[in-house]
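Trainee: Please give me a close look at one part of this structure, the pairing of charged side chains, and then place that part within the whole chain.

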Amino acid sequence: MNAVEKDVDALVFKELNEANKRFPLFSSPHHGYAVIKEEIEETMDGMNLLLEIFANAWDDIKKNEPVFEQIRAAKAVAESAAIEAIQVAAMCDKFNLSLAGENAEHCTCCGEVIPEGIQVCPVCNRKVGDS
């Protein structure tokens, strides 16, 4: 297990809950797809910028020039892309939550049967809450 995997799970859960407070569930697969696609595109924009910054840093490294500013910029862009990637994961959960149909009575994290009106079983909620 990665050192931050549990933290990422908690952040995805937090993002999903915040999104659900601000926006309704997806009304159709088309709606969910469009939202997820937008988040993926934002993630990719960040990753493309990160690659560009890193390529420029490499060019300067080969010229023995300092690259501290590029590396600081790369860190900031990587963090931004990570946030976008967390939003992608949260919107994937929202898609399943919105359109679960026969699976609506199952935890969005582990698939266990849960009481009506909640999205996550108590076990997964504790796991996320402990992060």
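Mentor: Helices are DSSP runs of H or I with at least four residues, strands are runs of E with at least two, and both are numbered from the N terminus. This is a predicted model, in which local features need pLDDT of at least 70 and side-chain atom pairs count only at pLDDT 80 or more, while totals for chains, interfaces and linings use all residues. Residues are numbered from 1 along each chain as its sequence is written, and side-chain values use heavy atoms, with hydrogens and water left out.

With those terms settled, the protein chain comes to 4 helices and 0 strands, and reading along the sequence gives the pattern α-α-α-α. The chain has 131 residues, and 29% of them count as buried (under 20% relative accessible area, against over 50% for exposed and anything in between for partly exposed, with a 1.4 Å probe and protein chains only).

Turning to the part you asked about, a search of the whole structure finds 6 salt bridges, each being a side-chain nitrogen of Lys or Arg within 4 Å of a carboxyl oxygen of Asp or Glu. Let us follow three pairs along the sequence.

One of the salt bridges joins the side chains of glutamate 18 and lysine 21, with 3.2 Å from N to O. Both residues belong to helix α1, which covers residues 5–22, and they stand 3 residues apart, about one turn of that helix. The two partners can also be described by how open they are to the surface: lysine 21 counts as exposed because its relative accessibility is 66%, whereas glutamate 18 counts as partly exposed because its value is 34%.

Another of the salt bridges belongs to helix α2, where the side chains of aspartate 59 and lysine 62 meet at 3.7 Å, again from N to O. Aspartate 59 and lysine 62 are 3 residues apart in helix α2, so about one helical turn separates them. Aspartate 59, with a relative accessibility of 33%, is therefore classed as partly exposed.

A further salt bridge brings together the side chains of aspartate 60 and lysine 63, with an N to O distance of 4.0 Å. Its two partners fall on opposite sides of the accessibility scale, as aspartate 60 is buried because its relative accessible area is 15%, while lysine 63 is exposed because its relative accessibility is 52%.

To place these pairs within the whole chain, it helps to return to helix α2, which runs over residues 29–62 and also holds methionine 47. Methionine 47 is partly exposed, because its relative accessible area is 35%. Glycine 46 and alanine 78 are 32 residues apart in sequence, yet their C-alpha atoms are 7.2 Å apart in space. Alanine 78 has its place in helix α3, which spans residues 68–99, and it counts as partly exposed because its relative accessibility is 31%.

If you keep one picture in mind while looking at the model, let it be the chain of 4 helices, with the bridge of lysine 21 and glutamate 18 lying within helix α1, and with lysine 62 and aspartate 59 set about one helical turn apart in helix α2.
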